[in-house]
Amino acid sequence: FWKDLNLNWLSSFKLRASYGVTGNNAISNTAAYATLIGSLYGGGAAYNANSLGNSDLGWEKTHSTDLAADFSFLNNAVQLSVDYYTKTTKDLLYQIPVAGASGFTTTWANVGEIKNNGVDIELTTHNLRGAFKWDTSFNMSFNHNKVGSLGADNTPIHSGFEGAGDGATASNILAVGHPVNAFYMYKAIGVWKSQAEIDAYAKQCGVSKLTFQGSQVIKPGDIKYLDVNHDGNYTLADDRVYLGQPTPKVTYGLTNSFQWKGFDAQLLITAQTGGKILGTIGRAIDRPSMGAQNNVYSWWKNAWWSESDPGDGKTPYVLSTTTGGTVDSRWLYSSDYLSVKNLTVGYTVPVKSKMISSLRVYASFENLLRFDHYKEGYSPETANAPKTTAPGGATATGLDYGGYPTARMYTFGINLSF
């Protein structure tokens, strides 16, 4: 019936649909078993427990649905694919905290359900034809994820990086209704500039003094946190907030290809938006109480020093001991970036030889440029694994503890065909 519609601009149209279930057991082969390790006891050979087992441990299962449409326009000069997908992962393989009396901090278990849904868009255009050719390929992926359940009682699971005084309640959390491994911490909103400011807020809260985690008294120069319940006592239980997710909400890719006579060039640009990264190297060089003689970031030149010299209003007193190495939003940054990922330029040399059928010389440049707002490390792409001893450590994401920068590479080569 397409012919009857007389849609000359529409070259083709196709609908696709799929459903499937896949399994995942990509953890240690011995995770289900209690293991032993050799040791010494009383001068002789012995064994002691090395890990907890879980005889009920099973496969993680992902139920996937995909609905898609493919379009082609203007004699295939423009091609468009749109996919809507859902992925529901059940019996999630995750490291959960266990009672300290067991002698261990975590064990593997199947917990809960995670839901992902999103849209993938891919657009290909043949912009110019003839002696000079130009093709463009653009893709964009939207993703939304949420924790659907966490076992019978939906108890949240903490993971990631533990700051000083944070106990087992680390930087990330797996909680029902929120993104996977959402950042959950104190939100820094400035610095207490004077005692008068502290006293005024304490009066609003109906208390005689402001305290941090029940014992430390807030002083000028300390970090000012969001007081969620407005009681003048900043505690892990009442004053942490959800501050974004480690995975980006949208990722992008753009490739342009050019050809003219014997010359060719390809340019790849990638980007992402909507995610966060925690620069945990801040525990060493970006926190109060670290001392004025240590290596620090440049913004500590604008720190609070006195009520008459309050600095930039964001950087606390370097000698403050009230909050110390507590994990907070001062180390949390947007992981948005735009990167010129690859540029390749080549030339195919015309040859007239019985031995050589083609000869091409080329130069390729990787990671040429990047634009981002991440100040705590080298690149928002360098998020690396957190401490594996923290609850959920092996499955936590979005943490950068001094990760190496992405290398800029220059490659020159020759392609020969005989």
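The questions and answers below walk through a predicted model, beginning with its sheets and moving on to single residues.

Me: In what order do the 10 strands of the open sheet stand?
Reply: The strands of this open sheet pair in the antiparallel sense, and the twist averages 15° from one strand to the next. Read across the sheet, the order is 1-4-5-6-7-17-18-21-22-24.

Me: Which strands stand at the edges of that sheet, each with a single partner strand?
Reply: The order of the open sheet is 1-4-5-6-7-17-18-21-22-24. A strand at the edge has a single partner strand, so one side of it is left without a neighbour in the sheet. The strands in that position are strand 1 (10–24) and strand 24 (409–417).

Me: How many bridges join strand 5 to strand 6?
Reply: Strand 5 covers residues 78–97 and strand 6 covers residues 106–128, and the two run antiparallel. One of the pairings can be followed at Leu80, whose bridge partner in strand 6 is Leu123. The number of bridges that join the two strands is 19.

Me: Which residue of strand 7 does Leu123 stand opposite?
Reply: Strand 6 also pairs with strand 7, in the antiparallel sense and over 15 bridges. Leu123, which is the bridge partner of Leu80, has a residue opposite in strand 7 as well, and that residue is Phe138.

Me: Which residue in the turn between strand 6 and strand 7 has a positive phi?
Reply: Strand 6 and strand 7 are paired in the antiparallel sense, and they form a hairpin with 3 residues between them. Within this turn, a positive phi of about 125° belongs to Gly130.

Me: Which residues form the nonpolar patch on the surface that includes Phe132?
Reply: Phe132 is found in strand 7, which spans residues 132–149, and with a relative accessible area of 36% Phe132 is partly exposed. The patch has about 460 Å² of accessible area together, and its members are Leu128, Phe132, Trp134, Trp260 and Phe263.

Me: Is Thr125 buried or exposed?
Reply: Thr125 has its place in strand 6, and its side chain is joined to the side chain of Asn127 by a polar contact of 2.8 Å. Its relative accessible area is 15%, and since a residue counts as buried under 20%, Thr125 is buried.

Me: What distance separates the closest N and O atoms of Asp91 and Lys61?
Reply: These two residues form a salt bridge, which links distant parts of the chain, with Asp91 in strand 5 and Lys61 in strand 4 (residues 60–73), 30 residues apart. Asp91 is partly exposed at 32% relative accessibility, and Lys61 is partly exposed with a relative accessible area of 31%. The closest N and O atoms of the pair are apart by 2.7 Å.

Me: Which residue meets Asp264 in a salt bridge?
Reply: Asp264 is in strand 18 and is buried, with a relative accessible area of 11%. Its partner is in strand 22 (residues 358–372), 96 residues apart from Asp264 in the chain. The side chains meet at 2.8 Å, N to O, and the partner is Arg360.

Me: Which residue forms a salt bridge with Arg370?
Reply: Arg370 lies in strand 22 and counts as partly exposed at 28% relative accessibility. The partner is also partly exposed, with a relative accessible area of 25%. The N to O value for this salt bridge is 2.7 Å, and the partner is Asp372.

Me: Which residue of strand 21 does Gln272 stand opposite?
Reply: Strand 18 (residues 263–273) and strand 21 (residues 337–349) run antiparallel and are joined by 10 bridges. Opposite Gln272, in strand 21, stands Tyr337.

Me: Which strands are the edge strands of the open sheet with the order 8-9-10-16?
Reply: This sheet has 4 strands, and the pairing is antiparallel. Strand 8 and strand 9 (residues 172–174) pair over 3 bridges, and Ser159 stands opposite Asn172 in strand 9. The strands that pair on one side only are strand 8 (157–159) and strand 16 (241–242).

Methods
Residues are numbered from 1 along each chain as its sequence is written. This is a predicted model: local features need pLDDT of at least 70, side-chain atom pairs count only at pLDDT 80 or more; totals for chains, interfaces and linings use all residues. Side-chain values use heavy atoms; hydrogens and water are left out. Patches are made of residues with over 30% relative accessible area and no salt bridge: like charges are joined within 9 Å, nonpolar side chains (Val, Leu, Ile, Met, Phe, Trp, Tyr) within 5 Å. Accessible areas come from the Shrake-Rupley method with a 1.4 Å probe; for residues, only the protein chains shown count as cover. A salt bridge is a side-chain nitrogen of Lys or Arg within 4 Å of a carboxyl oxygen of Asp or Glu. Buried means under 20% relative accessible area, exposed over 50%, partly exposed in between (1.4 Å probe, protein chains only). Two strands pair if DSSP finds at least two bridges between them. Axes are lines fitted to C-alpha atoms, for helices over the stretch in contact, and angles run from 0 to 180 degrees between N-to-C directions. A polar contact is a pair of N or O atoms within 3.5 Å; within protein, one must be able to donate a hydrogen and the other to accept it, and residues adjacent in sequence count only if both atoms are side-chain atoms.
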